[in-house]
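Work through the following exercises with the sequence and the structure open beside you. Try each task before reading its solution.

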Amino acid sequence: MKSNIFSHAIEGRNKVTFLYDFHNITIEPYYISYDKNGKKVIYGKKERSREIAKFEYEKILNIKIQKHTRFSPIIPILPILN
């Protein structure tokens, strides 16, 4: 269920709000994966931050997609070497 919600948010470029360790977190979700311990995680940019953070699925509660808040992914542009 969480994967479906996050997948829809990633495809639609919608921000997501959820509880994580009893804190309200808003992220721009980027990628769903597994960490080195085999735990399912999602990577996303926290609101008012420039860093991409990792969040463990088992600690995520009360997920809400913010349908009216879209974002553009931050992708570094590298110079082309000739």
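**Exercise 1: A pair of tyrosines**

Tyrosine 31 has a relative accessible area of 48% and is therefore partly exposed. The model is a predicted one, and this first exercise follows that residue to its partner.

Task: Find out with which ring tyrosine 31 forms an aromatic pair, and state how that pair is classed.

Solution. Begin with the whole structure, in which a search finds 6 aromatic pairs. One of them joins tyrosine 31 and tyrosine 43, with 6.2 Å from centre to centre and 35 degrees between the planes, and this pair is tilted. The class can be checked from the angle, because planes under 30 degrees apart count as stacked and those over 60 as edge-to-face, while the rest are tilted. Next, locate the two residues: tyrosine 31 belongs to strand S2 (residues 23-34) and tyrosine 43 to strand S3 (residues 40-46), so the pair ties together parts that are 12 residues apart in sequence. Tyrosine 43, at 27% relative accessibility, also counts as partly exposed. Finally, look at the backbone, where tyrosine 43 in S3 is the bridge partner of tyrosine 31. For a further example of aromatic residues, look at Phe6, Phe18, Tyr20, Phe55 and Tyr57, which form one aromatic cluster.

**Exercise 2: Building the sheet**

Task: Work out in which order the strands lie in the sheet, and which strands stand at its edges.

Solution. Start from the inventory of the protein chain, which has 1 helix and 5 strands and follows the pattern α-β-β-β-β-β when read along the sequence. Then take the strand pairs one at a time. S1 and S2 run antiparallel and are joined by 5 bridges; threonine 17, for instance, has threonine 26 in S2 as its bridge partner. In the hairpin of these two strands, S1 and S2, there are 2 residues between the strands, and aspartate 21 takes a positive phi near 55 degrees.

The next pair is S2 and S3, which is antiparallel over 7 bridges. Here the hairpin has 5 residues between the strands, and glycine 38 in the turn has a positive phi of about 85 degrees.

Now put the pairs together: the 5 strands form an open sheet in the order S4-S3-S2-S1-S5, with antiparallel pairing. Strand S4 (52-56) and S5 stand at the edges, and because each has a single partner strand, one side of each is left without a neighbour in the sheet. Neighbouring strands of this sheet are turned against each other by 45 degrees on average, direction ignored.

**Exercise 3: The helix across the sheet**

Task: Determine which strands helix H1 lies across, and which of the residues in H1 are buried.

Solution. Helix H1 comprises residues 2-12 and lies across S1, S2, S3 and S5, running at about 20 degrees to S5. The buried residues in H1 are Ser3, Phe6, Ala9, Ile10 and Gly12, and what covers them includes S1, S2, S3 and S5. Just after H1 comes arginine 13, which takes a positive phi of about 55 degrees. To set this in the wider context, note that 35% of the 82 residues of the protein chain count as buried.

**Exercise 4: Two charged residues compared**

Task: Decide whether glutamate 56 is buried or exposed, and then describe the surroundings of lysine 46.

Solution. Glutamate 56 has its place in strand S4. Its relative accessible area is 16%, so glutamate 56 is buried, since the cut-off for that class is under 20%. Leaving out residues up to four places away in sequence, glutamate 56 touches Tyr20, Asp35, Lys39, Lys40 and Val41.

Lysine 46, by contrast, lies in strand S3 and counts as partly exposed at 35% relative accessibility. In S3, lysine 46 is the bridge partner of isoleucine 27. With residues up to four places away again left out, lysine 46 touches Ile25, Thr26, Ile27, Glu51, Ala53 and Phe55. For one of these, threonine 26, the distance between its C-alpha atom and that of lysine 46 is 6.0 Å, although the two residues are 20 apart along the chain.

**Exercise 5: Confidence in the model**

Task: Find the strands in which confidence is lowest and highest.

Solution. The protein chain averages a pLDDT of 87, and 88% of the residues score at least 70. Confidence is lowest in strand S5 (residues 60-70), with a mean of 89, and highest in strand S1 (residues 14-20), at 96.

How values were computed: Residues numbered from 1 in each chain as written. Predicted model: local features only at pLDDT ≥ 70, side-chain atom pairs only at ≥ 80, totals over all residues. Heavy atoms only, no water. pLDDT = per-residue confidence, 0-100. Helix = DSSP H or I, 4+ residues; strand = E, 2+ residues; numbered from the N terminus. Buried < 20%, exposed > 50% of the residue type's maximum accessible area, 1.4 Å probe, protein only. Phe/Tyr/Trp six-rings, centres within 6.5 Å; stacked < 30°, edge-to-face > 60°. Pairing = 2+ DSSP bridges. Axes fitted to C-alpha atoms, helices over the stretch in contact; angles between N-to-C directions. Contact = heavy atoms within 4.5 Å.
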